[in-house]
Amino acid sequence: MAWQVKQLTFIPMREIVLTMNSSNERESFSARLQQSLKNAHYSPDSPTRLAREFNIRFDGRPITVHAARKWLVGEAIPTQEKLRMIAQWLGVPAEWLRFGGADAATPHGDALNGLARFYSEDVKLIADLQRLDEHHRQIAREFVRMLVRVNNQK
């Protein structure tokens, strides 16, 4: 009868702690992302909507619904570039979204003046405007300015 000797592998406590910390970081990020989505009036329960809204705004490679789901359930954290875009879109500090801390999940300066957060219809409108030639873009700008003036007179 031959005996098989199995080699035991010991995992240093430091590696176990690092694994637990990264899991906690992903879960904490997920909670902050969900709260930011709620504050911006988006459903935190729809990875499809998150992926669609993200891809409308992001110039780089689009994300999949699976990637968005992983962000929402705490299985992954987006790259720094993607995280910055999410923070800008939702009107929260990128540092807070990634790491938490003292900064609250309230809009920062850019979001307060309306520059940081656009609705998907607005993003599509801007894309349509960019497809126009310069003459027609100028007409569209003047028309929008006129509407704003009329609206402010009410």
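Partly exposed describes a residue whose relative accessible area lies between the buried class, under 20%, and the exposed class, over 50%. The legends below use these classes for a predicted model.

**Overview of the helical chain.** The predicted model shows a chain with 8 helices and 0 strands. Along the sequence the elements follow the order α-α-α-α-α-α-α-α. The chain has 154 residues, and 27% of them count as buried. When contacts between residues at least 6 apart in sequence are considered, 51% join residues at least 24 apart. The structure holds 7 salt bridges, several of which appear in the close-up views.

**Salt bridge between Arg69 and Glu75.** The closest N and O atoms of Arg69 and Glu75 are 3.2 Å apart, and the two residues form a salt bridge. Glu75 has a relative accessibility of 43% and counts as partly exposed. Arg69 is also partly exposed, with a relative accessible area of 30%. Side chains of opposite charge can pair when their charged atoms come close.

**Salt bridge between helices α1 and α5.** The side chains of Arg98 and Glu25 meet with an N to O distance of 3.3 Å. Arg98 belongs to helix α5 (residues 94-99) and Glu25 to helix α1, so this salt bridge ties together parts of the chain that are 73 residues apart in sequence. The class of Arg98 is buried, at 17% relative accessibility. Because its relative accessible area is 37%, Glu25 is partly exposed.

**Surroundings of Arg32, a buried residue without a salt bridge.** Arg32 is part of helix α1, which spans residues 13-39. Where is the nearest side chain of opposite charge to Arg32? That side chain belongs to Glu25 and is 7.4 Å away; Arg32 is buried yet has no salt bridge. Leaving out residues up to four places away in sequence, Arg32 touches Glu25, Trp96, Leu97, Arg98, Phe99 and Gly100. Two of these contacts, Glu25 and Arg98, form the salt bridge shown in the preceding view.

**Charged network in helix α2.** Salt bridges link Arg49, Glu53 and Arg57 in a network. Within this network, the closest N and O atoms of Glu53 and Arg57 are 2.7 Å apart. Glu53 and Arg57 are 4 residues apart in helix α2 (residues 47-57), which means that about one helical turn separates them. Glu53 counts as buried, with a relative accessibility of 2%. Arg57 counts as buried too, at 15% relative accessibility.

**Contacts of Asn55 in helix α2.** Asn55 is found in helix α2. The relative accessibility of Asn55 is 26%, so this residue counts as partly exposed. Apart from neighbours within four places in sequence, Asn55 is in contact with Pro62 and Ile63.

**His41 in the loop between α1 and α2.** His41 is found in the loop that lies between α1 and α2. The phi of His41 is near 65°, a positive value in a residue other than glycine. His41 has a relative accessible area of 67% and is exposed.

**Buried residues of helix α4 and the glycine after it.** Helix α4 covers residues 80-90. Which residues of α4 are buried? They are Lys82, Leu83, Met85, Ile86, Ala87, Trp89 and Leu90. Gly91 follows α4 and has a positive phi, near 75°.

**The largest pocket, lined by α7 and α8.** About 320 Å³ of space lies in the largest pocket. The elements that give two or more residues to the lining of this pocket are α7 (120-131) and α8 (134-153). Helix α7 provides the largest share of the lining, 5 residues. The lining has 10 residues, and those nearest the pocket centre are Leu125, Ile126, Leu129, Arg141 and Val144. By class, the lining consists of 6 nonpolar, 1 polar and 3 charged residues. Rolling a probe the size of a water molecule over the atoms shows where empty space is left.

Methods:
Residues are numbered from 1 along each chain as its sequence is written. This is a predicted model: local features need pLDDT of at least 70, side-chain atom pairs count only at pLDDT 80 or more; totals for chains, interfaces and linings use all residues. Side-chain values use heavy atoms; hydrogens and water are left out. On a 1 Å grid over the protein atoms alone, a cavity is a set of points where a 1.4 Å probe fits but cannot get out, and a pocket is an open set with protein on both sides within 12 Å along at least five of seven lines; lining residues have an atom within 4 Å of a point. Grid points are joined across faces, edges and corners, and a volume is the space filled by probe spheres set on the points. Ala, Val, Leu, Ile, Met, Phe, Trp, Tyr, Cys and Pro count as nonpolar, Asp, Glu, Lys and Arg as charged, and the others, Gly among them, as polar. Buried means under 20% relative accessible area, exposed over 50%, partly exposed in between (1.4 Å probe, protein chains only). Lys and Arg count as positive and Asp and Glu as negative; His and the chain ends are not counted. A salt bridge is a side-chain nitrogen of Lys or Arg within 4 Å of a carboxyl oxygen of Asp or Glu. Contact means heavy atoms within 4.5 Å.
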